[in-house]
Amino acid sequence: MVHGNTPPVGEADGLDAAARMVGDRWSLRLVGALLEGDRTFGELASDISGIAPTILTARLRTLQSIGLLTATPYELRPVRMRYSLTATARPLAVAIATLAEWGAAREGTSGPAVHRPCGTTVVTRRWCATCDEPVDPRDNDAGDDLVWC
């Protein structure tokens, strides 16, 4: 029996993979901070309140090892790095924005995102870039041409 909110099996596998990579709160907040642009360790520590330096270091190393961010030295003595997201990590922007909006709504701290020109609530949905049309959630054969919009 499939419930209305239960993802199809292929999506559940993908969700499990995503959760293994960025499912903890610090990784999500770290990727979210880097979506705004490159940051140094000190800037990230300042932007992400409550994160211990050891946790920040561990998460940066993990995200770098799975190819979601790069570290580029900007000082050699001592070695200091500037962190940035890879192209692989950029699509997480939609997921993080959606999670942040959902969390804020659940906490009662903000309303839904609104499209300023028309005042309509913004909805995230699957979209086929090739066909230029929405994709039915039951269509599991959409391939790599899917984008979220």
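**Why these labels? Helix crossings, salt bridges and burial**

Q: Why are α2 and α5 called roughly perpendicular to each other?
A: In this predicted model, the axes of α2 (residues 25–35) and α5 (residues 92–107) cross at roughly 115°. Angles from 65 to 115 degrees count as roughly perpendicular. The α2/α5 angle is therefore given that label. The two axes come within 10 Å, and the crossing is left-handed.

Q: Which residues make the contact between α2 and α5?
A: From α2 come L28, V31, G32 and L35. From α5 come L92, A93, I96 and L99.

Q: How do you know how the α2/α5 contact residues divide into nonpolar, polar and charged?
A: The split is by residue type. Leu, Val, Ile and Ala count as nonpolar, while Gly counts as polar. The result is seven nonpolar, one polar and no charged. G32 is the polar one, because Gly is placed in that class.

Q: What makes L28 partly exposed?
A: The relative accessibility of L28 is 26%. Partly exposed lies between the 20% and 50% limits, so L28 takes that label. The residue sits in helix α2.

Q: What does L28 contact, leaving aside its neighbours within four places in sequence?
A: Its partners are V22, I96 and L99. L28 and I96 are 68 residues apart along the chain, yet their C-alpha atoms are separated by 7.1 Å.

Q: Why are α2 and α4 called roughly perpendicular to each other?
A: They pack at an angle of about 75°. The class runs from 65 to 115 degrees, so this pair belongs to it. Their axes are 10 Å apart.

Q: What makes up the contact between α2 and α4?
A: On the α2 side are W26, S27, L30 and V31. On the α4 side are I55, L56, R59, L60 and L63. They divide into seven nonpolar, one polar and one charged. R59 is the charged one, because Arg is placed in that class.

Q: Why is the pairing of R59 with D24 called a salt bridge?
A: The closest N and O atoms of R59 and D24 are 2.9 Å apart. The limit is 4 Å, so the pair qualifies. This bridge links distant parts of the chain, 35 residues apart. R59 lies in helix α4 (residues 53–65), and D24 lies in the loop between α1 (9–22) and α2.

Q: Are R59 and D24 buried or exposed?
A: Neither label fits. R59 has 21% relative accessibility, and D24 has 26%. Buried requires under 20% and exposed over 50%. Both residues therefore count as partly exposed.

Q: How do you know that R39 is buried?
A: The relative accessible area of R39 is 14%. The cut-off for buried is under 20%, so R39 meets it. The side chain of R39 meets D47 in a salt bridge of 2.7 Å, N to O. D47, at 42% relative accessibility, counts as partly exposed.

Q: What makes R80 and E75 a salt bridge?
A: Their closest N and O atoms are 3.7 Å apart. Within 4 Å is enough, so the pair counts. R80 is partly exposed at 39%, and E75 is partly exposed at 31%.

Q: What joins E36, R39 and D47 into one network?
A: Salt bridges that share partners join these residues. A search of the whole structure finds five salt bridges.

Q: Why is D38 called partly exposed?
A: D38 has a relative accessible area of 41%. That value falls between 20% and 50%, so the label applies. D38 lies in the loop between α2 and β1 (39–40).

Q: How far apart are D38 and S84 in sequence and in space?
A: They are 46 residues apart in sequence and 4.6 Å apart in space, C-alpha to C-alpha. Beyond four places in sequence, D38 is in contact with E43, R82, Y83 and S84.

Q: How many helices and strands does the chain have?
A: There are five helices and eight strands. Their order is α-α-β-α-α-β-β-α-β-β-β-β-β.

Q: What share of the residues is buried?
A: Buried residues make up 20% of the 149 in the chain. Of the contacts with a separation of 6 or more, 41% join residues 24 or more positions apart.

How values were computed: Residues are numbered from 1 along each chain as its sequence is written. This is a predicted model: local features need pLDDT of at least 70, side-chain atom pairs count only at pLDDT 80 or more; totals for chains, interfaces and linings use all residues. Side-chain values use heavy atoms; hydrogens and water are left out. Axes are lines fitted to C-alpha atoms, for helices over the stretch in contact, and angles run from 0 to 180 degrees between N-to-C directions. Helices (H or I, at least four residues) and strands (E, at least two) are DSSP runs, numbered from the N terminus. Angles under 35 degrees count as roughly parallel, over 145 as roughly antiparallel, 65 to 115 as roughly perpendicular and the rest as oblique. A crossing is left-handed if the near helix is turned anticlockwise from the far one by less than a right angle, and right-handed if clockwise. Contact means heavy atoms within 4.5 Å. Buried means under 20% relative accessible area, exposed over 50%, partly exposed in between (1.4 Å probe, protein chains only).
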